[in-house]
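Open the model in your viewer and keep the selection box handy. This tour goes stop by stop: what to select, then what is there.

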Amino acid sequence: MKRLFLALFVLLCLLASAPLPRAAADEPAVPTYRVGYISVPGFLTKDADGHYRGSGYEYLEQLAIYAGCRFEYIDLSHTNTSMELLAGNVDLLIGSTIQPGDPRFLFSEHSIGRTPLQISLASGVNPETQSSLRIGYISDVYSRDAIDHQLARFLPPGRYALLPYADYQALDQDIENGTLQGIANDSLHPQTGTQPYGNLYLFSHYILYRPDETALKDHLDDVTNDMLTVTPFLPYLLAKRQEQKGAPLILTPDERAWLAAHSHIRAFASPNQPPYAYFENGEHKGVTQDILSRIEHDLGITFDITETSTNEELFRRLDDGEADVMCDFFFDYNWAHEHHMMLTNPYLTVTYVLVHRRNEDIPSSPVIAAPRSRNFTRQYVERYYPEKDIRYCDTDEDCLRAVSEGQADIAAVKSIIAQALIYRNGFFRLEADNTVVYTQGTSIAVSERIDPIFVRILNKEIAHLDPTAIQSAINEETRATTEQTSLVSYLYRHPIESLGILVLIFLALLVGVLLVLRIRRNHLAEISRIAYTEPVTGLHNERWLESQLPDAIDRAQSARVDGRLYLVAICVRQMAYYRSTYSRSVLAESFVHEIQRAQTAFPWFRLVALSGDRTRLYTLWELPAGLAPEQAAQQVTEGASVIPFGDVMTRIRYHVSAVQVPNGRPDIAKLVSAASTTLDLARTENQPFLLFNQQMEEEFAWASHLETLAPKALARQEFSVWYQPKYDLATHTLVGAEALVRWQSPELGLLPPSRFIEVFERNGFAVRLDYYMLGHVARFLEDRLRRGLPVVPISVNQSALHIGEGGYLRKMKETAEAYGLPAGLIDLEVTETAFVDFKTKEARESSRHIIDSLKSYGYATSMDDFCTGYSSIAMLQNLPMDSMKIDRSILLAAEHDDRALRILRSVIQLGASLDMKILCEGIETEAQEKLLKDLGCTYGQGYLYAKPMKQEEFEEFMEKHLA
Ligand code: C2E
Ligand code: CA
Ligand code: CA
């Protein structure tokens, strides 16, 4: 066993070390032939990169494959080619003008290609005027006789001289320096600086052999026959390949003359086949039209194309001689002869494809839809399909409809119109097969009535057409037609992508909608923020409060049932003072800070809102059991009694009002207004805390009733002026009167001011009422003065609201000027409480300014209700009023109380010492009169003398007393 392995191992080693046969070495050597050539551009030439080019070269390479040999190319330009071959320097010779029949050589059986010879003239040379043209040619390539023979077609003998050249270099030079006017050359690559003038002839190239090379010639001939059996038109195809830009268009003088005489050609063209050929707004369009336009441009002619709507109509009218040309004619001479037409070479090749229903198998003997009167139908459909299986239609579109609707299984249509037809007409059930079933050339048909020269011209032009330009016309038209239906076609062709795009579009729309909604929501939020926010502090406002209260009240249901739920209103006492002292932002910031502090300190704060004028704060309190609202208010205000305004620690006092939220459905507006009105009351009564009660409710109801009636009442003159006389206590003479308002209301009866003036003070209506009174009094006095009747000074009450009223002084001045009453005849009674904010220097100065101004306008002034408010010595000192009206309350008190008596005495003395007239109100008894007289009071007013009376009564009264 061990030995066997050893033997195998040795054998393997031996095999491995033995030299392996080399494939290449054993292959038979490929025979190589040296091919001599003369460079003919486009046929056989070597370019700058060392690569061979041209149809001749391609032909030989193809031949080499068939022959199993190799060709080695040797450039024989500038040599004697025949000598080179005969001397054996090359084995074969190509590209010579030596033609078959020359006994010195053997010639290949077939020509390997033909190149045209062309006459080109140097630019600027006019052959008609130039007396003699010197034309050069390469003598080794072209035969002088052949050129001479053909040139006679263009130029009369004696008009030109042919000059042989050995190479292109010298020839080019002479063209450039003007020695030569023309050149005879191959047409594939015209010389620069020359214009083609005429085509001479096509000369054939053969392979030349030495006479003794019969075997080689026979071998290559055999191989060539094999090759041409497969590709009979190989030389033609290869030559065509060279014509990338199309052949040069060289027209003879008679051709040019014919065109000049026939610049407009009556024509027909196919309808209804976009993008191949169709009409749009009477204009012919499509691929064929693009090519026709080139032809028109090149030849300087116009095809006047008449629109037709069907092929039947077209051919009927064509046969009737309505046109001389049919622009896209099926390339079929039989068809042409039937219609008495001549045909050009095809300028376009179209292929036909089958259209069938998508995802459906085509039956073995399908029904085919075919257009009537179409040569294609005859050439293809009727030839390959039994008559029973043909459904005739008018147009390609009708054919597709028939397939789509199941009346036919297939239709054959031009591939360039298939897709467009499907998309344009929405035949989405249909699909074009890529199998080409038929190929057809499109030619121009020219009536036999026309000179055939036109066909020859058109053929030159068709050969001249740039194949790439034709292809790009097809691409362009196809793109344009499919673009028209691009969306639909896209959906059709790319269902998955379309779905994706749809989803994307949907998403984009969704995002858009969401964005809009978001913007809207933000917008609404912003609107509601503005609507619900007090701008300076950023706190919520009353509107917000009213919107939030119902829910907040519901949430605090148990506290409400227990009576622990309160709507509270808070204001700062003497807010005007802080406002005049601190900036708005500092105030706002400080209060907001206090509110936040209170909210954290007292967890029973539920809602907080600020009134629009920022004078009051509303808050919902859900108080813990056992904590009375008054106590709660105390806790809150105590905590916030010293607060910083900026850097200044300031002591603040507050008014607080509270309204218990009733059970049952709360009227929110009423609740807020109750809190607000109670707060007003707390302010008026200068109370730190006021709880809304039943009586207030009635008063508030009354107030709101009055408020609604008041404006109308003013307009309807329901307010009237009553006069209460003022007396000299010592002499009992009439010294003046006070105008007192009365409201004769049709709804409420006669109301004294005590019933309404307070309400009007609160809602500001008192201001208007005062002007009304002032006006009446002024007119009353003016009227009496005009009538020469005696008058006494009349005092008019001025609400405290005037102090803060904008334009008060201006209006008072205007009134004074308007009536021009003697100074002091109208006395203005201002309550001392009007100047309650008499603390700061500014406030004092402004009060003083008001009084001084009123005096300067001619008004007397009285300090009303003296001893009821915060009257201070300082105020008396600062406000130089004419009179002091001592309130009835102190008189009443003084009658029984010694302290009050002493105060009354002091007040009277003080007034007297300030040179003020002292009057006491409400004197009802003689005892009171005596008391006052004893104390030094000069004047009096009261029922003891006279009650307030109507104007007429007062006038009578004056008549009696002022006699
Ligand atoms: P007032 O300015 O203190 O007016 C004096 C009030 O005392 C008047 O009440 C008058 O009728 C009343 N009176 C006069 N003599 C006696 C008396 O002997 N005994 C008693 N018990 N009362 C007497 P009236 O007219 O009801 O006016 C009440 C208040 O209404 C006035 O108090 C005044 O503050 C206000 N008022 C009246 N008319 C006007 C007005 O046109 N404008 C403004 N802003 N307030 C007015
Ligand atoms: Ca008064
Ligand atoms: Ca008074």
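Start by selecting R742. Leaving aside neighbours within four places in sequence, R742 is in contact with E718, F719, S720, W722, L750, L751, P752, P753 and P948. Contact here means heavy atoms within 4.5 Å. R742 lies in strand β32, residues 734-745. R742 is buried, at a relative accessible area of 12%. Buried means under 20% relative accessible area, exposed means over 50%, and partly exposed is in between, with a 1.4 Å probe and protein chains only. Now draw a distance from R742 to S720: C-alpha to C-alpha they are 5.3 Å apart, yet 22 residues apart in sequence.

A word on the ground rules. This is a predicted model, in which local features need pLDDT of at least 70 and side-chain atom pairs count only at pLDDT 80 or more, while totals for chains, interfaces and linings use all residues. Residues are numbered from 1 along each chain as its sequence is written, chains are lettered from A and ligands numbered from 1 in the order in which they are written, and side-chain values use heavy atoms, with hydrogens and water left out. Helices (H or I, at least four residues) and strands (E, at least two) are DSSP runs, numbered from the N terminus.

**Stop two: L200 and K217**

Select L200, in strand β11 (residues 194-205). L200 counts as buried, at 4% relative accessibility. Not counting residues up to four places away in sequence, L200 touches L117, Q118, I119, I147, Q150, L151, R153 and F154. Measure to one of them, L151: the C-alpha atoms are separated by 6.6 Å, with the two positions 49 residues apart along the chain.

Next, select K217 in helix α7, residues 214-230. Is this lysine buried or exposed? K217 is buried, with a relative accessible area of 16%. Outside the residues up to four places away in sequence, K217 touches L106, F107, S108, E109 and Y209. For a long ruler line, go from K217 to I390: 55 Å between C-alpha atoms, 173 residues apart along the chain.

**Stop three: α9 and α16**

Show helix α9 (residues 253-261) with helix α16 (residues 453-464): their axes come within 10 Å and cross at roughly 105°. Axes are lines fitted to C-alpha atoms, for helices over the stretch in contact, and angles run from 0 to 180 degrees between N-to-C directions. The two helices are therefore roughly perpendicular. Under 35 degrees counts as roughly parallel, over 145 as roughly antiparallel, 65 to 115 as roughly perpendicular, and the rest as oblique. Turn on side chains for D254, E255, W258 and L259 of α9, and I453, F454, I457 and K460 of α16; these make the contact. By class, that gives five nonpolar, no polar and three charged residues. Ala, Val, Leu, Ile, Met, Phe, Trp, Tyr, Cys and Pro count as nonpolar, Asp, Glu, Lys and Arg as charged, and the others, Gly among them, as polar.

**Stop four: backbone details**

Zoom to P274 and P275. The peptide bond between them is cis, with omega near 0°. P275 sits in the loop between β13 (264-268) and β14 (278-280).

Move to Q717, in the loop between α26 (694-715) and β31 (719-728). Q717 is not a glycine, but has a positive phi of about 60°.

**Stop five: α29 and α30**

Select helix α29 (residues 808-819) and helix α30 (residues 841-856). At which angle do their axes cross? The angle is roughly 10°, and the axes come within 10 Å. α29 and α30 are therefore roughly parallel. Y808, L809 and M812 of α29 meet H849, I850, S853 and L854 of α30. The contact has five nonpolar, two polar and no charged residues.

**Last stop: α32 and α33**

Bring up helix α32 (residues 888-896) and helix α33 (residues 898-913), which pack at about 130° with axes 6 Å apart. That makes α32 oblique to α33. I890, L891, A893, A894 and H896 of α32 make the contact with D898, A900, L901, I903 and L904 of α33. These residues divide into eight nonpolar, one polar and one charged.

Now colour I890, L891 and A894, which are buried in α32. Seen down the axis of α32, its buried residues fall within an arc of 105°, so they line one face of the helix. The arc is that of the directions from the helix axis to the C-beta atoms. Their packing partners are β37 (883-886), α33, β38 (917-921) and α34 (926-935).

Finish on D915, in the loop between α33 and β38. D915 counts as exposed, at 71% relative accessibility. Though not a glycine, D915 has a positive phi of about 60°.
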